[in-house]
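Please walk through this structure with me, beginning at a metal site, moving on to the place where two chains meet, and ending with pairs of charged side chains.

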Amino acid sequence: MLSINNLHARIGEKEILKGLNLTVNSGEIHAIMGPNGAGKSTLASVLAGREDFEVTDGSVDFEGKDLLDMAPEVRAAEGIFLAFQYPVEIPGVSTTNFLKTAMNEIRKHRGQDPLDAVQFLRLMKEKMKLVNIDQSLLSRSLNEGFSGGEKKRNEIFQMAMLEPKLAILDETDSGLDIDALRIVAEGVNQLRSPERATLVITHYQRLLDYIVPDFVHVLYQGRIVKSGPKELAMELEERGYDWIKDEIHA
Amino acid sequence: MTPTINTYNHFKDQLLASFRLAEDRMNGEAKTAFHGIRRAALDQFDRLGFPTLRHEEWKYSNVTALLKEDFDLDASSSLTANDLTQLEIPNLDGNILYFVNGRYRADLSRVVSPASEVELLSFADAQKAEPELIGDHFSRYADYQDNAFTALNTAFAQDGIVIRVPANTTVAQPVILRFVTDSREKNIVSQPRNLILVGRNAEVTVSESYRTLGDGAGFTNVVTEINLERDARMQYYKVQNDTEQSYHIGTTQVRQADSSHFYSATVTLNGNFVRNNLNIVLNGQHAEAFMYGLYMPNGKQHVDNHTLVDHAMPNSYSNELYKGILNDSGTGVFNGKIYVRPDAQKTNAYQSCKNVVLAPGASMNTKPQLEIYADDVKCSHGTTTGQLNDEALFYMQSRGIPKDEARTLLLYAFVQDVLSQIKIQPIREYLEGVVRQKLGE
Ligand SMILES: Nc1ncnc2c1ncn2[C@@H]1O[C@H](COP(=O)(O)OP(=O)(O)O)[C@@H](O)[C@H]1O
Ligand SMILES: [Mg+2]
C-alpha cells in the first residue's frame with residue numbers, strides 16, 4: 001500500500017529525513033518509535049503533504065500512485081489521514097461543519113454524491129458513541145479551548161468519520177490517561193481491516209498494549225535504523241534508545 | 001501625489017459659491033435660526049477647509065482624489081421605481097425609505113409602521129412642519145467645529161430622515177434607509193442629514209445602506225444624529241456596498257442617557273473611499289454601547305473607521321469589535337478612541353480590532369487611543385493584524401478541503417462574529433452572499 005524509498009526531506013537548510021525506507025502493506029499496523037527530534041513528525045507531515053518540508057530525494061508510492069505529486073487535500077481524498085501531534089485550532093468553524101465540508105469534498109473527489117443532513121447526522125451519532133465524544137464539543141469551534149485529551153479524541157473522531165485507508169497517528173497517546181488511551185485504541189482497532197493500514201507514531205509502548213502492531217521500527221536521525229516484531233517495543237521501553245545509538249555508531 | 005492648492009480649493013470654492021447662490025435666492029428663510037446654524041457651519045467649513053494628511057485625524061486617509069473629481073452640484077435624478085429592482089434585497093420587510101442623491105423619495109418608499117409607533121418624516125418636511133423639533137435637536141449632537149465634513153453637511157442640510165419614537169414604544173418593523181446615488185448622467189454630491197430620537201424606554205432598529213447606480217463619481221457626505229433617552233434601545237446598522245467610483249464620508253453621532261442600550265454594526269463591503277466616524281457619548285449611568293464593524297477593502301479600496309466612545313458618567317459599559325479582511329492593494333484604518341472622564345468611575349470599556357491581510361500590497365493601520373481620567377475602571381484593548389494561519393489551512397487540507405475552500409471557510413468564520421450581530425435577517429443574508437462572493441473571487 002505504502003512504499004517509501006530513500007526519502008530525503010529538509011526544512012530550510014536543515015536536512016531532517018536522510019534516506020528513509022519503509023513499506024506498509026494493507027492490513028498491517030506499524031509502530032514508529034524513536035527519540036525526540038528523530039524526524040517522526042516530519043515523516044508524518046511529509047506524507048500528509050505539508051509544504052514547509054522540501055523533499056529533496058526519494059519517492060513515496062501510495063497504492064500505485066506518486067503520493068508526493070498530490071496536494072494535501074487529494075491525499076486525503078485518496079485515503080490518507082494524519083492525526084496531528086498538535087491539532088490546530090480553527091476559530092469559528094465547528095467540528096460538525098468542518099467534517100461535513102471535508103467529507104463532501106472527499107466524496108466529490110471520488111465522484112460520489114454529497115451526504116444529506118440526515119445521513120451525515122446518523123453517521124456522526126454512530127461515531128460519537130465509538131469515541132465517547134459529546135455533541136456539545138462538536139458544535140464548538142474546532143479545537144478552540146479544547147483540553148489536550150479532547151483534541152486527541154477529536155482527531156480520532158475525525159478519523160472514524162473519514163475512514164481512511166492509511167491512518168497516521170502522531171503521538172496521539174501522549175498526555176492521555178488510560179481511559180482516553182483505550183478510546184483511541186478502540187477507534188484504531190475498529191478501522192482495522194484487510195484493506196486498511198495504520199502507522200502509529202509513539203513514544204511509549206503503553207499504547208501498543210491496546211493497538212498491537214505487526215512491526216515496530218526505530219526512527220533515528222532521519223532514518224529507520226531498526227525494525228522488528230512487537231517485542232522490540234518492549235525492549236525499547238526497558239532499555240531506552242542508547243543501545244540502538246551505540247549499535248549504529250559502532 | 002502632493003495636492004496642489006488648486007486641487008484643494010476648486011471643490012471648496014464651488015461649494016461656497018453654491019451655498020451663497022442658494023442663500024441669495026432665499027426670502028425670509030435666510031433669517032431663520034435653522035439657516036443661522038447652516039451659515040455658521042459654512043463659515044466654519046470655509047475656515048477649516050478640506051483636511052490634508054497633516055491633519056492628525058486624516059493621517060492615513062487622503063481625500064485628494066475626491067477633491068479632483070468634477071462634481072455637478074445639481075442633484076436631480078430621473079430614477080424611477082424600475083431602476084431600483086436591481087438594488088432590491090430579497091424578502092426585505094419593514095419601512096423601506098429611499099433617498100436618491102440625498103433627497104427623500106416618497107414615491108419610491110413604503111411606510112408600514114403606524115404613526116403611533118414611529119414618526120417618519122423627511123428632514124425637508126420636518127423643517128417646515130416641525131421647526132421646534134429641528135430647532136431643539138439639529139446640530140445639537142454632531143459638533144462641526146473640528147470636522148470640515150460635518151461642517152459641510154450641516155451647512156448644506158436640506159433633506160434626509162427624521163425618526164421619532166415616542167416613549168414606551170417598540171417599533172415592530174425595522175426602519176430601512178436606502179441611500180442611492182444616481183450617477184448615471186453626472187458626478188453626484190449627496191449630503192443626507194438624519195435625526196433619530198428614541199424616547200424613554202422605546203426601541204427601534206434602523207439600517208442605513210449606501211448604493212450607487214451608474215458609473216459616475218458619487219460623493220456621499222452624511223451625518224446622522226441619534227439621541228437615546230433613558231432606557232431606550234436601538235439597533236443601528238450602517239451598510240456600504242458601493243461602487244469603485246464612490247466616496248463616502250459619514251459621521252454617526254450618538255448620545256445616550258441612563259440605562260440606554262445602543263447596538264451598532266458598520267459593514268463596509270465595497271466602496272472606493274470610505275470614512276466612517278462613529279462617536280458615542282455615554283451621557284448616563286448604566287448606559288451600554290456595543291459597536292461591531294467589518295470592512296473588506298480589495299482592489300484599491302480604502303476604508304477608514306474612526307470610533308469614539310466618551311464615558312461621561314459612572315457605571316457605563318462599551319464593547320467594540322472591528323474586523324477587517326484586506327486584499328490586493330486595499331487599505332484600512334482603524335482608530336478607536338475611548339475617553340473615560342474623571343467622574344466616570346466603574347466604567348467598563350473593551351475594544352478589539354482584528355485583521356487578516358491576504359496580499360502583500362494590502363495594509364492596515366490600527367490605532368487604539370485610550371484616555372482614562374478615572375481610577376476605578378476596567379478597560380482593555382487589543383489589535384491584531386496578520387495573515388491567514390498556514391497551519392490551520394494545512395490542517396483543513398489534510399482533511400480533504402481544497403486550499404481555496406479552506407481559506408474561504410476560515411475567512412467566512414472570521415466575519416461571522418460581526419455579521420451575526422445583524423438581526424434583520426434578509427439584510428444579514430444579503431451581506432453574507434456578498435461576502436461569500438467577495439471571498440470566492
Ligand atoms: N518547522 C521547523 N523548522 C525547523 N526545524 C524543524 C521544524 N520542524 C521540525 N524541525 C526539526 O526537525 C527535527 C525533527 O523534528 P520532528 O520531526 O518534529 O521530530 P520528532 O517528531 O521525532 O520528535 C528536530 O530537530 C526539529 O527541531
Ligand atoms: Mg513529533
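In this predicted model, the magnesium ion (ligand 2) is coordinated by two residues of chain A, with S41(A) offering its OG atom and Q85(A) its OE1 atom, at distances of 2.1 to 2.3 Å. S41(A) belongs to helix α1 (residues 40-48) of chain A, whereas Q85(A) sits in the loop between β6 (80-83) and β7 (90-94) of chain A, so the pair ties together parts that are 44 residues apart in sequence. The surroundings of each can be described as well: S41(A) has a relative accessible area of 26% and is therefore partly exposed, while Q85(A), at 16% relative accessibility, counts as buried because that value is under the 20% limit.

From the metal site we can turn to the boundary between the two chains. Here 30 residues of chain A are in contact with 17 residues of chain B. The size of an interface is often given as the accessible area lost when the parts come together. For chain A and chain B, the buried area is about 1,900 Å², and carbon and sulfur atoms give 66% of it.

What kinds of polar pairing does the rule find across the interface of chain A and chain B? There are seven residue pairs in polar contact, counting pairs in which both residues are at pLDDT 80 or more. Several elements of chain A give two or more residues to the side that touches chain B, namely α1, α2 (72-78), β6, β7, α3 (95-109) and α6 (148-162). Among these, α3(A) gives the most, with five residues. Sorted by character, the residues on this side of chain A divide into 18 nonpolar, six polar and six charged.

Salt bridges also cross this boundary, and the rule finds three of them between chain A and chain B. In one salt bridge between the chains, the side chains of R399(B) and E155(A) meet, with a distance of 2.7 Å from N to O. A network of salt bridges also links R50(A), D52(A) and E391(B), and its members thus come from both chain A and chain B.

Taken over all chains, the count by this rule comes to 39 salt bridges, and some of them join residues within one chain, as the following examples show. In chain A, E231(A) forms a salt bridge with K230(A), where the closest N and O atoms are 3.8 Å apart. Both residues are partly exposed, since E231(A) has 41% relative accessibility and K230(A) has 39%.

In chain B, E119(B) and R164(B) form a salt bridge whose closest N and O atoms are 2.9 Å apart. Because E119(B) lies in strand β3 (residues 119-122) and R164(B) in strand β4 (residues 161-165) of chain B, this pair ties together parts that are 45 residues apart in sequence. E119(B) counts as partly exposed at 23% relative accessibility, and R164(B) counts as partly exposed at 27%.

A further salt bridge of chain B is formed by K346(B) and D376(B), whose closest N and O atoms are 2.7 Å apart. This pair links distant parts of the chain, 30 residues apart, with K346(B) in the loop between β17 (331-340) and β18 (348-357) and D376(B) in the loop between β19 (363-372) and β20 (378-386) of chain B. K346(B), at 48% relative accessibility, counts as partly exposed, and D376(B) also counts as partly exposed, at 34%.

Methods
Residues are numbered from 1 along each chain as its sequence is written. Chains are lettered from A and ligands numbered from 1 in the order in which they are written. This is a predicted model: local features need pLDDT of at least 70, side-chain atom pairs count only at pLDDT 80 or more; totals for chains, interfaces and linings use all residues. Side-chain values use heavy atoms; hydrogens and water are left out. Donors are N, O and S atoms within 2.8 Å of the metal (3.2 Å for Na, K and Ca); water is not among the atoms, so sites may look incomplete. Helices (H or I, at least four residues) and strands (E, at least two) are DSSP runs, numbered from the N terminus. Buried means under 20% relative accessible area, exposed over 50%, partly exposed in between (1.4 Å probe, protein chains only). Contact means heavy atoms within 4.5 Å. Buried area is the accessible area (1.4 Å probe) that two parts lose on being put together, summed over both. A salt bridge is a side-chain nitrogen of Lys or Arg within 4 Å of a carboxyl oxygen of Asp or Glu. A polar contact is a pair of N or O atoms within 3.5 Å; within protein, one must be able to donate a hydrogen and the other to accept it, and residues adjacent in sequence count only if both atoms are side-chain atoms. Ala, Val, Leu, Ile, Met, Phe, Trp, Tyr, Cys and Pro count as nonpolar, Asp, Glu, Lys and Arg as charged, and the others, Gly among them, as polar.
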